[in-house]
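This report looks at charged side chains and how they pair. Have the sequence and the 3D structure open while reading.

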Amino acid sequence: SGFNSIGHMDTMQRRRHHIGHYKEGEEFIQNVFNVLFLLFPGREKCDLAICWLQYEISKVLQCLQRKKKKQLKAQGRKSKRLAKNLLKDNRNYLSLWKLYAYLEWLLGNIDDARKVFDTALATAGTGGLKSPQLCSLGLLYAQLEVELLENLEGAVTSRAVHVLTKLAESGPYVPYSGQVLSVNVLKARKTYEHALQDYFSKTPVSAQDEVGDADQLVNLVGCYALFQYLTVGIDAAVLIFAQTSEKLAAPPPQKCEKSGEHFGIPNFPTALEAVTLLHTNLLRFHMKISVYPLSPLREALTEALRLYPSNQSLWRSYIHIQRKSHSASKARRFFDGVTRSANSLEPWLYAIQAEQMRKKLIETVQRADIGEIHSTIPETGITNRIIALFEHAVQSESGTHCPLLWRMYLNFLV
């Protein structure tokens, strides 16, 4: 009992509650982790610990989305206890420190999270921008700090700039004291600039190093762009993303016949996708805290989704900005184009979700102040369009075998 209900389906809503994590299924997952933990040595054990902590964080996020304070408190206690136990055996792994700090931040313990971040950065050594894990940790810390800003006034002396500046200095980390010296900011900018130039000009790159190299590049670009955003402005940050994307989208480098090694910057599809995601997320955040036109974000998202039609984060952002638009025709044309050319199912699912949201919006407007009395002129156009989308989606190769899609279709017809 309970095992067939592990996990949850966000699109299927019950009247009283969302389907959540079932007790028996939850016990099963915990037992699996506990048993496996005894079998693995060093590095593998740390990888498993990271998976376990990510799973705990997903449950905390679910409680936050549902706005259930009691549940969040109880889940937070359990997750923190686990995080501390995992860290006892793996104190040298920055990835675990990063997840523990993120967990504290999600639970609203901002000061505790800062202490964890500061401790991790202080004990991590002086690798600076050359250390992928240190770069990743510093980027997350800075991103979370930036999200607390209400506007960009005084951002140059913020904690986020302090973290990014210290990262570029490659010296011992000192916690934030309330100010950032302008001379340090200038030095850090030069360091970031040179680090990125060195990265693009370095040779040779062996195939084994490509995955780690791609992660390192993404973290470096993220830190540099965020640093420029806080110290110069949005245009300076967008310029870095544009230059990086241009380099990464260039044709793959020639192989050297003698050594079989690549010369020049490799063609990293994953890095390009991650950089695009950083770019669109920064534009979305900037629009939230200041006045900025919508077109740069819309153009960046449409271009990215043509290249990566399976990226759910990009689709969520696209639907979010389209909700504000009164004209559906442009979005519909875009969805039609992507669903025709892409083999993945995500474009269909998000096209359906966008129409369902539009239908819900129209119905709430039509039924305003009347209570449950249905409007005399039903909105059949959108209903027919949604049914047509479902029909086309279930005929596609990936859609035929997708239980979620069939259940959404049945749910809609009911």
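Does Glu-355 count as buried or exposed, and at what relative accessibility? The model is a predicted one. In it, Glu-355 has 6% relative accessibility and therefore counts as buried, the limit being under 20%. Its salt-bridge partner is Arg-385. Arg-385 counts as partly exposed, at 24% relative accessibility.

The structure holds eleven salt bridges. Three of them, including the pair just described, are listed here with the distance between N and O atoms.

| Positive residue | Negative residue | N to O distance |
|---|---|---|
| Arg-385 | Glu-355 | 3.0 Å |
| Lys-80 | Glu-104 | 3.5 Å |
| Arg-159 | Glu-145 | 3.7 Å |

Each of these pairs joins two helices. Lys-80 lies in helix α3 and Glu-104 in helix α4 (residues 94–106), so this pair ties together parts that are 24 residues apart in sequence. Glu-104 is buried, at 3% relative accessibility.

The salt bridge of Glu-145 and Arg-159 links helix α6 (residues 132–147) to helix α7 (residues 159–169), with the two positions 14 residues apart in numbering. Glu-145 is buried, with a relative accessible area of 6%.

Arg-385 sits in helix α16 (residues 380–395) and Glu-355 in helix α15 (residues 346–366), so their bridge connects parts 30 residues apart in sequence. Glu-145 and Arg-159 also belong to one network with Asp-111 and Arg-114, joined by salt bridges that share partners.

Other charges lie on the surface. Lys-73, Arg-77, Lys-78 and Arg-81 gather there in a patch of positive charge. Lys-73 is part of helix α3 (residues 69–89) and counts as exposed, at 62% relative accessibility.

How values were computed
Residues are numbered from 1 along each chain as its sequence is written. This is a predicted model: local features need pLDDT of at least 70, side-chain atom pairs count only at pLDDT 80 or more; totals for chains, interfaces and linings use all residues. Side-chain values use heavy atoms; hydrogens and water are left out. Patches are made of residues with over 30% relative accessible area and no salt bridge: like charges are joined within 9 Å, nonpolar side chains (Val, Leu, Ile, Met, Phe, Trp, Tyr) within 5 Å. Accessible areas come from the Shrake-Rupley method with a 1.4 Å probe; for residues, only the protein chains shown count as cover. A salt bridge is a side-chain nitrogen of Lys or Arg within 4 Å of a carboxyl oxygen of Asp or Glu. Lys and Arg count as positive and Asp and Glu as negative; His and the chain ends are not counted. The place of a charge is taken as NZ of Lys, CZ of Arg, CG of Asp or CD of Glu. Helices (H or I, at least four residues) and strands (E, at least two) are DSSP runs, numbered from the N terminus. Buried means under 20% relative accessible area, exposed over 50%, partly exposed in between (1.4 Å probe, protein chains only).
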